[in-house]
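The following exercises concern salt bridges and the solvent accessibility of their partners. Please work through each task before reading its solution.

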Amino acid sequence: MAEQKDFTELLNKFSLKEKEITDLHKKDKKQRETLDILLNIIKLSELEQAERKIGALFLATAQGFQKTQIPSEYLNIITKYIVEEKITAIPRVDLAIQFIKKMKKDDQFDIEKFDYFIGVGVNVTTEDIEKAVDEYFKEKEEEIKSLRYSINQVDYRNDIQQKLRFPNMKDLFDIFKNKLTAILGEETQADKQARQKQIQKKDKSKAQPKGDDNKQNESVGQSTIGSNTLVLNIDELQGRDLKSAINSKESQKWKEDRFGKMILSRFPPEPNGYLHLGHIKAINFNFTLAKQYEGGCYLRFDDTNPDKENQEFIDSIKSNIEWLGFKPYKQTAASDNFDFLHECAVKLIKKGKAFVCGQTKDQIKEAREKCTPSPWRDQSVEKNLEMFENMRLGLYKEGEYSLRAKIDYKSPNTTLKDPIIYRIRYTPHPHSGDKWCIYPCYDFTHPLCDSIEGITHSCCTLEFEIRRELYYWVLDELDLYKPFVWEYSRLNINYAVLSKRKVQELVDKKFVSGWNDPRLLTIEGMKRRGYPAKGLLNFVSSLGVTRTSNDAVVHMDLLENKIREELDNISVRTLAVLDPIVVNITNMKDDEVKIMEVKDFPTQKESKTHKIEGRNKVYVERSDVIHMAHKDFFGIAPGTYCGLKYFGVIYCTDVVRDESGNITQVNAEYAHDGTDKTRKPKAFINWVSVEESQECEIRLYDNLFTHEFPSKYEDGPWTDTINPDSLKVLKNARMNKNLKLNILDQYQFERQGFYAVDYDSDIKAGKIVWNRVVKLIEKDRLGALKKVLDDIAKIEAEQKKQ
């Protein structure tokens, strides 16, 4: 604790935020590594304290070095540039790290190229930005006036950014937005609808690859789940051009003798949490890839860490994959191969390629940074075999010893700096019980399981690219069959978090109800909310699979569009009222009933039908009623006609209001069945008969976060961006009581949106809870109503003056 307190005091001197300091002192390996690098930076800077700007740049540098694992000797250069104010913003730190990362092992550091790359001396003022925006808008004037807010604003800003090279992006965003508003005025509802259609149009075009466009975009395929096809040239998934990646004739024959020439992929989740939207991309890619080529995809549980894994997660993962419509070629677990993995470790020891090490984690980290060998590195083979056996027998304490691969402690690739491949854990394993007290690490397990299972294509996200050399080193040293390894961009989406750690924090701190909260993008949460599996698969398929970047972000609108499209195909229509008020139809008797036969899917000619009843008392939406007629209001108002969908047209005779001006009663007469064109209503609204309805609960969901990128929020804890209005509950909504329901059934409430029956429902007891899945794309009725009511208030104020 004393050590942590000392660091806290030091970090406070460099103006780090309390949350940043707390995170750095967590036991998490990544945070500890970042802290060590940050302390080294502070030492190199020779500063005793610094303002927030410098502290933030130091922290960004430490985080960048930890993430990319580039050699620490370049720290001094970036630190010096920050102190000398040659690097003044975090994006330039990122560029500096990017420049160093791209350098090859034998390259000399070119200071002039480095300075140009990171923009040393380049200072872009707001006047420069304003001038560039003005010039660009003049160039694009016709397109802007034609497309209005449907222009691709991101592309426009990127073009301007490239011309300026290093503008302040917030200034660029604000100036761009203000200029666009000055030209076009505020974005109207019509603009929003047009922009939405443009998004859908682009979305559909992405799903139709043309010729070599995929190659130009580094795309390796998209799947159309309906036809189970994958537009993919599998030869693009070749491994890096490493000699160690090439199979010998013997190892290739070994593979073909056991598995033939079939394509085999795998989805290897660690059973330490619930799957999320990003996993759906991986599942869809790997399973569809294999099916496209009449091969198979393993479901392999990477269960090498018994401290975090349990049967609950295993069962959930299996259920998720089945729900998505996939069937594994085989279900396996890394623990199935523990005997084989142990044999491989012994072989490496006998070859002089592995040694038992007694260094602590901190000592190993320090040695790696200094590129110094472990004191145990040159221990004899016999001694290593003896000590490894003692590890297996449980004769040492946890953390006292580990088995490390003997590769290159000076390597610029940190994964090759004599990595740990076995560690001691006295935790019973969910699958193998207490047979083992030593467990293999991921980087050792992964290639060996891929090899022994005959995997042809081992596909993973880009953050694993740095591990590819280690992957092939293991297989090469053991003379085993080598799969192709290929990395692709992971899925990120705005207004959400996918990280297991962050979702766990949301659950632990009660920001959400659990891992299946409908506001989360876990598969369990999306399933509960009512997202159809096919809609999710159509979404990830439309994105393609590329190697562009791990930082690319997909907009939530694209996901909701795909969900909406699928729900439109499968959801039976029904009428419901969310905020009800009763309309008395005074010229209908109490026992008078009008029965209408309504299509389940109005746009389908051969659709099934259901019956609804119209009586003299009906519920309508409170927002569809006002006390004074207005030319822009299309609902119920005294002296006007309004349509009740399928039922007919009513004429409002009067409304009754209380002392506060709230409408408490609506009286109307049934006018006609909708065929009289002389008394045509402005619109037909949703309704339900009082007699035929029952009370239900409606849960309305919005984005869980108010910040587009909550993980990058800098003005406080990321949880400060949680949207307080992400869930609204309506307790007295009304629905048709004759619906035959099951949990998770999906319906379209006409004029409202798509809804699904929640787990909290007790159908037998008549307690129904609905989750709104997505809204319909239509006009902003509440916004239009507010304008009407404001206008009426002005009219009434004028009347009082007179």
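Three exercises on this predicted model follow, each with a worked solution.

**Exercise 1.** Determine which parts of the chain the salt bridge between Asp134 and Lys179 links.

*Solution.* Begin with the contact: the closest N and O atoms of Asp134 and Lys179 are 3.1 Å apart. This lies within the 4 Å cut-off for a salt bridge. Next, locate the partners: Asp134 belongs to helix H8 (residues 126–139) and Lys179 to helix H11 (residues 169–184). The two residues are 45 residues apart, and the pair thus links distant parts of the chain. Finally, consider accessibility: Asp134 has 30% relative accessibility and is partly exposed, and Lys179, with a relative accessible area of 28%, is also partly exposed.

**Exercise 2.** Classify Lys482 as buried or exposed, and do likewise for its salt-bridge partner Asp476.

*Solution.* The closest N and O atoms of this pair are 3.9 Å apart. Lys482 has a relative accessible area of 6% and is therefore buried, because the buried class lies under 20%. Asp476, at 39%, is partly exposed.

**Exercise 3.** Describe the salt bridge between Asp676 and Arg679, then state which residues are joined into one network by salt bridges that share partners.

*Solution.* In the Asp676 and Arg679 pair, the closest N and O atoms are 2.8 Å apart. Asp676 is partly exposed at 22% relative accessibility, and Arg679 is partly exposed at 29%. As for the network, shared partners join Arg528, Glu697, Arg699, Lys731, Asp758 and Asp760. The structure holds 37 salt bridges.

Key
Residues numbered from 1 in each chain as written. Predicted model: local features only at pLDDT ≥ 70, side-chain atom pairs only at ≥ 80, totals over all residues. Heavy atoms only, no water. Salt bridge = Lys/Arg side-chain N within 4 Å of Asp/Glu carboxyl O. Helix = DSSP H or I, 4+ residues; strand = E, 2+ residues; numbered from the N terminus. Buried < 20%, exposed > 50% of the residue type's maximum accessible area, 1.4 Å probe, protein only.
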